[in-house]
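Please open the model in your viewer and keep the sequence panel beside it. The tour below proposes one selection at a time and says what is to be found there.

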Amino acid sequence: MENRIKEFRSRLKATQDELAKAVGVTRQTIISLENGKYNASLQLAHRLSRFFKVSIEDLFIFEEDE
Amino acid sequence: MKFERKIKLRAYLMAAYIIIGAGMWFVAFFGENVNDLLSAVGIGLMAAGAMQLGRNIHLLRNPEKLHDREIAEKDERNIALMEKARSLSFAVYITLAAVAVIVLYVFNFDLAGEVVAFSVCAFCLIYWICYMIIKRKY
């Protein structure tokens, strides 16, 4: 699943470390999410969308065949 | 359970390791027959206990590091990685053990073959029991 975490994070000028601390995960998890290597759980997706003040659909791009 | 309490409990457990290790080493060294294996296990327990105890005390004295540790332990990616590693190691073990059973029987190590075959069966049985329990829960 693709996501726009990097894009929204850049807009807020937040570092990966700041984002990781805000949503309660490690920086490595943020890196993996941004690289598309790891898919966030529903809880983490919710925390991220609240942090960026956008909807989950705006942040994550769902693809039917996944 | 609060994470700080969890770390405190771990520190107590490590202190118990040190005491048990010291006891084993004492028995091995000052007993009637010097037992090298018991002595080595005792020293190993003491060393591991001391290292982990020091680490836990350091965490308890440093709230920022304690918080970082809590995040690292509760991090969902770390947990997912551990789960994947666990399931992969189970699959690898079962495959290797199944091959080992055949090889052991071919080379007439019947007893060893039986032990390994039994462990494979036991693993499969435990897996099936766990699956049935988890299936009811979710």
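Begin by selecting B:Gly113, B:Ser119 and B:Val120, which are the buried residues of helix 5 of chain B in this predicted model. With these residues shown, add helix 4 of chain B, residues 76-106, since this is the helix against which the buried residues of helix 5 pack.

Next, select the whole of helix 5 of chain B, residues 110-137, and place a distance between the C-alpha atoms at its two ends. At 1.5 Å a residue, a helix of 28 residues should span 40 Å, and because the end C-alpha atoms are 40 Å apart, the expected span and the distance in the model agree.

Return now to helix 4 of chain B and pick out B:Ile79, which is found in this helix. Is B:Ile79 buried or exposed? Neither word fits, because its relative accessible area is 38% and B:Ile79 therefore counts as partly exposed. If you leave aside the neighbours within four places in sequence, the residues in contact with B:Ile79 are B:Glu73 and B:Lys74.

From here, display both chains and turn to the place where chain B meets chain A, where eight residues of chain B are in contact with twelve residues of chain A. The two chains bury about 760 Å² between them, and 52% of this area lies on carbon and sulfur atoms. Select B:Ile71, B:Glu76 and B:Arg77, which together supply 72% of the area that chain B buries against chain A, more than any other three residues.

What kinds of polar pairing does the rule find across this interface? There are five residue pairs in polar contact, with both residues at pLDDT 80 or more, whereas the number of salt bridges found is zero. On the side of chain B that touches chain A, the elements that give two or more residues are helix 3 (63-74) and helix 4 of chain B, and helix 4 gives the most, with four residues. If you colour the residues of this side by type, they divide into three nonpolar, one polar and four charged.

Finally, cross to chain A and select A:Thr26, in the loop between helix 2 (16-23) and helix 3 (27-34) of chain A. A:Thr26 counts as buried because its relative accessibility is 16%, which is under the 20% cut-off. Not counting residues up to four places away in sequence, A:Thr26 touches A:Ala20 in its own chain and, across the interface, B:Ile71, B:Ala72, B:Asp75 and B:Asn78.

Technical notes
Residues are numbered from 1 along each chain as its sequence is written. Chains are lettered from A and ligands numbered from 1 in the order in which they are written. This is a predicted model: local features need pLDDT of at least 70, side-chain atom pairs count only at pLDDT 80 or more; totals for chains, interfaces and linings use all residues. Side-chain values use heavy atoms; hydrogens and water are left out. The expected span of a helix is 1.5 Å times one less than its number of residues. Buried means under 20% relative accessible area, exposed over 50%, partly exposed in between (1.4 Å probe, protein chains only). Contact means heavy atoms within 4.5 Å. Buried area is the accessible area (1.4 Å probe) that two parts lose on being put together, summed over both. A salt bridge is a side-chain nitrogen of Lys or Arg within 4 Å of a carboxyl oxygen of Asp or Glu. A polar contact is a pair of N or O atoms within 3.5 Å; within protein, one must be able to donate a hydrogen and the other to accept it, and residues adjacent in sequence count only if both atoms are side-chain atoms. Ala, Val, Leu, Ile, Met, Phe, Trp, Tyr, Cys and Pro count as nonpolar, Asp, Glu, Lys and Arg as charged, and the others, Gly among them, as polar.
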